[in-house]
Amino acid sequence: MAVDADDAVATAAVAGPQIRIRGAVKSFSGRVVVDVDDLVLGDQPIEGLIGPNGAGKTTLMRMVMHSIPLDRGTVSLLSPGGGEVVLSDLSAYRMAHHGVVKSNQVIMDFDKLTIWDSLLLAATERSNERPHRIFGEEEAAFVRHEDEMRRHLEYFGFTDPMGFARSAGEKKLLDIVRCLLLQPRFLLLDEPTAGLPDELTDKVTRVIRELAAAGTSVVIVEHDLNVIWNLCAEVSFMAEGRVILKGNPQMIREHRTVVEKYLGEGHV
């Protein structure tokens with residue numbers, strides 16, 4: 001599957017926020033799974049993170065979101081104007097408040113909620129995310145986000161918002177729409193096109209380009225390397241818990257270490 005970059009929306013050079021990861025280590029059962037000395041994400045509007053299974057990519061993204069704690073080290077959000085927020089000092093629920101949003105690698109969905117209600121829940125103001133307020137907030141969220149929600153659903157081909165997301169692909173797209181409703185400043189996408197047909201993959205990549213053009217920094221973890229090569233201006237290669245290379249797509253795909261550890265001789 002190839003993404004036609006010529007037909008995609010061009011990404012403008014709008015400065016977005018960066019995330020800096022310093023001295024970040026995470027171990028499970030005595031085994032180090034992530035050990036990153038100093039890595040900056042967001043040098044380019046759209047970046048990729050690739051590597052073999054078990055390299056630590058998803059764990060690193062979860063460390064950024066503080067959904068799992070660091071053993072040591074720091075993760076900071078750097079704004080274009082020079083401000084810094086140490087994300088690793090914050091609780092996970094505060095990430096979205098600072099515009100840092102991540103999609104789910106493993107499909108997460110509320111089986112008892114319709115597509116529409118699931119989006120309304122995502123659009124609920126943070127201050128109203130309490131049991132005694134959340135249903136009263138539904139009407140306000142509807143008023144604020146109705147047009148945006150309908151636009152996203154129509155774009156991705158959801159014909160019955162009052163129905164349920166049934167297939168893995170529908171749940172993947174619904175998760176992406178929920179991320180979009182949060183209006184991210186820095187968006188981490190974990191395998192956003194996995195299991196999607198070409199037509200929907202092209203739609204997802206177009207949305208990513210539009211976000212980046214508007215100033216959102218995007219980092220993509222993806223095993224569909226055609227998406228990475230055609231979409232990302234910079235790619236980091238991770239293996240055995242460490243980011244060992246970072247550069248433009250052509251350099252990464254032709255590097256001997258990447259070929260030996262990940263791509264195989266026939267890929268280049």
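This passage describes an open sheet, the helix packed on it, a pair of helices and the salt bridges in a predicted model.

The sheet is open and has 4 strands, which follow the order 2-1-4-5 with antiparallel pairing. Its edges are formed by strand 2 (31-41) and strand 5, each of which pairs on one side only. Direction ignored, neighbouring strands of this sheet are turned against each other by 20° on average. Within the sheet, strand 1 pairs with strand 4 (residues 72-78) in the antiparallel sense, over 6 bridges. One position can be followed across this pairing: Arg 20 has Ser 76 in strand 4 as its bridge partner.

Helix 1 (residues 57-65) packs on this sheet and touches strand 1, strand 2 and strand 4. The direction of helix 1 makes about 115° with that of strand 1. Helix 1 is mostly covered, since 7 of its 9 residues are buried. The buried residues are Lys 57, Thr 59, Leu 60, Met 61, Met 63, Val 64 and Met 65. After helix 1 comes His 66, which has a positive phi, near 60°.

A second packing arrangement involves two helices. Two packed helices are described by the angle between their axes and the distance between the axes. For helix 4 (residues 168-181) and helix 5 (residues 198-213), the angle is about 10° and the axes are 12 Å apart. Helix 4 is therefore roughly parallel to helix 5, because angles under 35 degrees count as roughly parallel. The crossing of helix 4 and helix 5 is left-handed. On the side of helix 4, the residues that meet helix 5 are Leu 173, Ile 176 and Leu 180. Their counterparts in helix 5 are Leu 200, Val 204, Val 207 and Leu 211. An α-helix has 3.6 residues a turn, so residues three or four places apart point the same way.

Salt bridges form a further set of contacts. Side chains of opposite charge can pair when their charged atoms come close. The structure holds 10 salt bridges, and three pairs are described here.

In one pair, Glu 84 forms a salt bridge with Arg 22, and the closest N and O atoms are 3.1 Å apart. Glu 84 belongs to strand 5 (residues 84-86) and Arg 22 to strand 1 (residues 18-28), so the pair ties together parts that are 62 residues apart in sequence. Glu 84 counts as partly exposed, at 44% relative accessibility. Arg 22 also counts as partly exposed, at 29%.

In another pair, Asp 190 forms a salt bridge with Lys 102, with 3.6 Å between the closest N and O atoms. Asp 190 lies in strand 7 (residues 186-190) and Lys 102 in strand 6 (residues 100-102), so this pair ties together parts that are 88 residues apart in sequence. Both Asp 190 and Lys 102 are buried.

A further salt bridge joins the side chains of Lys 246 and Glu 234, at 3.8 Å from N to O. Lys 246 is in strand 10 (residues 242-247) and Glu 234 in strand 9 (residues 234-239), so the pair ties together parts that are 12 residues apart in sequence. Lys 246 is partly exposed, with a relative accessible area of 27%, whereas Glu 234, at 15% relative accessibility, counts as buried. Lys 246 and Glu 234 are also linked with Asp 43 and Glu 47 in a network of salt bridges.

Methods:
Residues are numbered from 1 along each chain as its sequence is written. This is a predicted model: local features need pLDDT of at least 70, side-chain atom pairs count only at pLDDT 80 or more; totals for chains, interfaces and linings use all residues. Side-chain values use heavy atoms; hydrogens and water are left out. A salt bridge is a side-chain nitrogen of Lys or Arg within 4 Å of a carboxyl oxygen of Asp or Glu. Helices (H or I, at least four residues) and strands (E, at least two) are DSSP runs, numbered from the N terminus. Buried means under 20% relative accessible area, exposed over 50%, partly exposed in between (1.4 Å probe, protein chains only). Two strands pair if DSSP finds at least two bridges between them. Axes are lines fitted to C-alpha atoms, for helices over the stretch in contact, and angles run from 0 to 180 degrees between N-to-C directions. Contact means heavy atoms within 4.5 Å. Angles under 35 degrees count as roughly parallel, over 145 as roughly antiparallel, 65 to 115 as roughly perpendicular and the rest as oblique. A crossing is left-handed if the near helix is turned anticlockwise from the far one by less than a right angle, and right-handed if clockwise.
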